[in-house]
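Here is a short guided walk through this model. Keep the 3D view open as you read, and turn it as each part comes up.

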Amino acid sequence: MSNPSGPAHRNVASIRSPEPTKQGTPASPHTPLRGISSAFGSPSALRAEEDCVIIELGSRYFRAGFAGDAVPKAVVDFGPEDQRRAGDYRQWKTGYEKEWRKRIQGKEWGEAYELWRPDLRELDLGLVGDKIDRALREAFAKYLLIDSRPRRLLLALPSQLPLPLLSTILDTLFTNYQPPTISLMSAPALATVAAGLRASLVVDIGWAETVVTSIYEYREVQCTRSVRAGKLLGYEMFKMLTKAIDPTLKQEDADGMVAGGQAASLLSFEECEEVVTRLGWCKSGKKPSPEARSTGLAPVKEEDELRASVRSLHISGEGEGDHITTIPLTSTKPHKTLQMPFSKLAEPCENALFASGKSMEDLDDEELPIHVLVYRSLLKLPMDVRSLCMARIVFVGGVSNLTGLKGRILSEVGALIEERGWDPVYGKAVEQLRNHPKLQKTRNRQTEGGPTEIPGIQSTSASQLDQEHDPIEVALKREARKVDPPVEAGNLRAIGSLGSWAGGSMLSHLKIPAVSVIERESWLQHGTSGAKRDGEISISTQRQSMGPGAFKSGAGDRSSWTLGLWG
């Protein structure tokens, strides 16, 4: 117990509240006390409370970053080289690159490089959860530079993600990272937002499948898909390269999709994918007519330079003198250098994505070429939605960056529209029915026959009469043109997008509510069985006031939550 009458340097009261010194007299040396605000005491605590981590999960890549950023800070793949344990230094061993054949034994082509596949029958969901946990911890520690304290998460997921896979992802995140809430958003809708649109046709050419999603007013109208995507494209390139390496391979041995096939040990997956990325390209569609291409006479000097450049590249209208491409391969035994025409490198794209040489009658509904898939998706839409979506086609996915692919798809879709129109019924029988001479005579008789005209009275149908002039309506239309710009609709047009991750980052930064918000306590207590269907949630609880602070307060009935598109 302190004595108030003791020495000054032992008095606790004098230490906590020192007496003010007079001006002019020097004070004793001491460290001044600073009042630290609790709100800014720890930057990590502030970020954990306010910031939201945006996560985009694909079948091969994982992207993570903070809300409000333009691009993700972490992009992690799920290859076998990135899934090693801590302390595994085998990659520095001499000749480790040549031992890749041992690491692919018993696996199909590309299986070791994907997180999941659409067929979940033989997929180990526990291993998928461990890979996601490993990738997220690496992103937090190496790229985001944050600890693993609870933070809000936003997941950008494909709309066709299977429910068991979604349950595995949520279990891993809620159990290992304890986030208070996880928000779910559809990747096609976020890609539309990142393009600055409200309606679009999102063509996602991914790894396992191509998904065409119609978005209208930020809502998914329909979704169709095909297996013609990046995996099939890489496999077609793999078959072409293995045949060039060893022409004596039999047809059954050249099948690299089969685990343990002889062709699987000829070329590594990484080198095949690098050839697709660097040298793969897509041929152009149908050539436009000469009248459409002619935009005027070119000067003589420009025409001479163009002819000289064409002759130097050995390009002619008949396809003679194709340029020879050199492809050095280091994963083969021994190392080889392939010499093949540049036009041959476009054949895998023709076979994988456009099914050249195959009739439509031999293809299943999940094996449609990409241009037919896009055309049928537009055909199923209502007329007003179709006119908006066809002018706002958004291409996303890694394979969409293939040289010439976007223009080829648009030209093929335009050719289908000119050939068939918007009639779902087509074929030889329909053409014969339309061009039948007897039916043409019957139609002419039906059009000629009708009510008898009364002489002296001019009869005109009401549909052909001009509308009466309405000055009020004209004034309203004139004022609307000043405020609202004209809407582009009815023609094919491609629009670029920043991607699903950028759209989720922007929406989360603007505090816009997600489709589905799941709390940790509710998920750990009930799991997927606790989610309510859309018909089970009362409409009265969803009507909220949009006044000040509606988004910040998190208005809404959290007692009933839903999985949205994935439920």
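In this predicted model, a hairpin of six residues carries the chain from strand E9 to strand E10. The two strands pair in the antiparallel sense, with six bridges between them. To find your place along the pair, look for leucine 329, which stands opposite lysine 336 of E10. The loop of this hairpin, between E9 (324–329) and E10 (336–341), holds proline 334. Take a look at the backbone there: the peptide bond between lysine 333 and proline 334 is cis, with omega of about -10°.

Next comes a sheet elsewhere in the model. Which strands form it, and in what order? Five strands make up this open sheet, in the order E8-E7-E6-E11-E12, and their pairing is mixed. Strand E8 (219–226) and strand E12 (494–495) are at the edges; each has a single partner strand, so one side of each has no neighbour in the sheet. Helix H6 (residues 187–194) packs on this sheet and touches strand E6 (199–205), strand E7 (210–216), E8 and E11. The direction of H6 makes about 120° with that of E6. Helix H12 (residues 370–380) lies across E6, E7 and E8, and runs at about 150° to E8. At the E12 edge, strand E11 (residues 393–396) and E12 run parallel and are joined by two bridges. Here valine 394 stands opposite isoleucine 495 of E12.

Now to the charged side chains. The count of salt bridges comes to 15, and three of them are set out below.

| Salt bridge | Closest N and O atoms |
|---|---|
| Arginine 408 with glutamate 350 | 2.5 Å |
| Glutamate 412 with arginine 408 | 2.9 Å |
| Glutamate 111 with arginine 117 | 4.0 Å |

Arginine 408 appears twice in this table, with glutamate 350 and with glutamate 412. Its pairing with glutamate 350 links distant parts of the chain: arginine 408 belongs to helix H14 (residues 405–420) and glutamate 350 to helix H11 (residues 347–353), 58 residues apart. Are these two residues buried or exposed? Arginine 408 counts as buried because its relative accessibility is 9%, under the 20% cut-off. Glutamate 350 is buried too, with a relative accessible area of 11%. The other partner, glutamate 412, sits with arginine 408 in helix H14, four residues away, or about one turn of the helix. Glutamate 412 and arginine 408 are both buried.

Glutamate 111, from the last row of the table, is partly exposed, at 27% relative accessible area. Another group to look up is Asp147, Arg149 and Arg151, which are linked in a network of salt bridges.

Finally, two loop residues deserve a look for their backbone angles. Glutamine 178 is not a glycine, yet its phi is positive, about 50°. You will find glutamine 178 in the loop between helix H5 (163–177) and strand E5 (181–186), and it is partly exposed, with a relative accessible area of 31%. Lysine 511, also a residue other than glycine, has a positive phi near 60°. Its place is the loop between helix H18 (500–509) and strand E13 (516–519). Lysine 511 is partly exposed, at 41% relative accessible area.

Technical notes:
Residues are numbered from 1 along each chain as its sequence is written. This is a predicted model: local features need pLDDT of at least 70, side-chain atom pairs count only at pLDDT 80 or more; totals for chains, interfaces and linings use all residues. Side-chain values use heavy atoms; hydrogens and water are left out. Buried means under 20% relative accessible area, exposed over 50%, partly exposed in between (1.4 Å probe, protein chains only). Two strands pair if DSSP finds at least two bridges between them. Contact means heavy atoms within 4.5 Å. Axes are lines fitted to C-alpha atoms, for helices over the stretch in contact, and angles run from 0 to 180 degrees between N-to-C directions.
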